[in-house]
Amino acid sequence: MVRESGRSQERLHRTVLKPVRRKQKFAIGEIKMARFVCHLFSLLLLGLTQDVKADFMDKLAKRKVCADVDCIYVISIGRVVDDYIAPDCRFLNLKEGQLIYVYSKLVRERKGGEFWSGSIYSEEPMDEMGVVGYFPSTIIDEQHVFQNTTVQLPTTVSI
């Protein structure tokens, strides 16, 4: 009789209690997943309600000198005499000895420095090759001037 009751309890345990425990574990997993989704959705809503602000950078100059009205022809080529680390995305990072094509020269205003725009020239492929950006004129030694006649144009802001 003791064996029979032990067997019946074992059968009861296998047939009823194990599946119930599995269902409980599954339900707990579903609850955790629902909480995770709820938190994720809350973070998404919080992110969408935030204002996105962009800071416009000051113009470097009001006028520039170019070889042509579109500023697409090279004025001169120069060699970098000192390393230069760009302060923001408008400028190029330059290394001593690199060759630079100069496309425009910003007209110096009262207190401002004189900046030129150009691109890095290299025989070997490199990351910044072909990217046009600004750099201080003081770190460039002009090697050859291609265009002596220049056009003075207003700088523009494109939005």
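# A tour of the predicted model

The protein chain exposes about 12700 Å², and carbon and sulfur atoms supply 56% of that area. What is open in the viewer is a predicted model.

**Stop 1: the whole chain**

Start with everything shown as a cartoon. The secondary structure comes to 1 helix and 7 strands. Followed along the sequence, these elements give the pattern α-β-β-β-β-β-β-β. The protein chain has 159 residues, and 23% of them count as buried. Now consider the contacts in the protein chain with a separation of 6 or more: residues 24 or more positions apart account for 61% of them.

**Stop 2: the helix**

Select residues 2-49, which are helix H1, and find Val37 in it. Then add Met33, Phe36 and Leu40 to the selection. Together with Val37 they form a nonpolar patch on the surface, and the accessible area of the four is about 410 Å². Val37 itself counts as partly exposed, because its relative accessibility is 46%, and partly exposed covers values between 20% and 50%.

**Stop 3: the disulfide**

Select Cys66 and Cys71 and show their side chains. How far apart are the sulfur atoms of Cys66 and Cys71? They are 1.8 Å apart, and the two residues form a disulfide. A search of the whole structure finds 1 disulfide. The torsion about the S-S bond of Cys66 and Cys71 is about 75 degrees, so this disulfide is right-handed.

Next, colour the cysteines by accessibility. Cys66 has a relative accessible area of 0% and is therefore buried. Cys71 is at 15% relative accessibility, so Cys71 counts as buried too. Select Cys89 for contrast: its relative accessible area is 68%, so Cys89 is exposed.

**Stop 4: a loop residue**

Move to Val69, in the loop between strand S1 (63-66) and strand S2 (76-80). Is Val69 buried or exposed? Its relative accessibility is 58%, so Val69 counts as exposed. Show the residues around Val69. Apart from neighbours within four places in sequence, Val69 is in contact with Val151 and Leu153. Now select Thr150 as well. Val69 and Thr150 are 81 residues apart along the chain, yet their C-alpha atoms are separated by 9.0 Å.

**Stop 5: the nonpolar core**

Select Val80, Leu94, Ile100, Phe135, Ile139 and Ile140. These belong to the largest nonpolar core, which has 15 residues, and they are the ones with the most contacts inside it. Strand S3 (99-106) and strand S4 (115-121) each supply at least two residues of this core.

Keep Ile140 selected and show what surrounds it. Which residues does Ile140 touch, not counting those up to four places away in sequence? The list is Gly78, Arg79, Val80, Val81, Leu94, Ile100, Trp116 and Phe135. Val80, Leu94, Ile100 and Phe135 were already in the selection for the core.

**Stop 6: a second loop**

Go to Ser137, whose place is in the loop between strand S5 (133-136) and strand S6 (140-145). Ser137 has a relative accessible area of 13%, so Ser137 is buried. That value is below the cut-off, because buried means under 20%. With residues up to four places away in sequence left out, Ser137 touches Glu114, Phe115 and Trp116. Trp116 is also one of the residues that Ile140 touches.

**Stop 7: the salt bridges**

How many salt bridges does a search of the whole structure find? It finds 2.

For one of them, select Arg90 and Asp88, whose side chains meet at 3.0 Å, N to O. Arg90 has a relative accessible area of 25% and is therefore partly exposed. Asp88 is at 22% relative accessibility, so Asp88 counts as partly exposed as well.

For the other, select Lys105 and Glu142. The side chains of Lys105 and Glu142 meet in a salt bridge at 3.1 Å, N to O. This pair links distant parts of the chain, with Lys105 in strand S3, Glu142 in strand S6, and their positions 37 residues apart. Lys105 is buried, because its relative accessible area is 18%. Glu142 counts as partly exposed, because its relative accessibility is 31%.

Definitions and conventions
Residues numbered from 1 in each chain as written. Predicted model: local features only at pLDDT ≥ 70, side-chain atom pairs only at ≥ 80, totals over all residues. Heavy atoms only, no water. Core = buried A, V, L, I, M, F, W, Y, C linked by side-chain atoms within 4.5 Å. Buried < 20%, exposed > 50% of the residue type's maximum accessible area, 1.4 Å probe, protein only. Helix = DSSP H or I, 4+ residues; strand = E, 2+ residues; numbered from the N terminus. Contact = heavy atoms within 4.5 Å. Disulfide = S-S within 2.5 Å. Patch = residues over 30% accessible without salt bridge, like charges linked within 9 Å, V, L, I, M, F, W, Y side chains within 5 Å. Areas by Shrake-Rupley, 256 points an atom, 1.4 Å probe, with all protein chains shown as cover.
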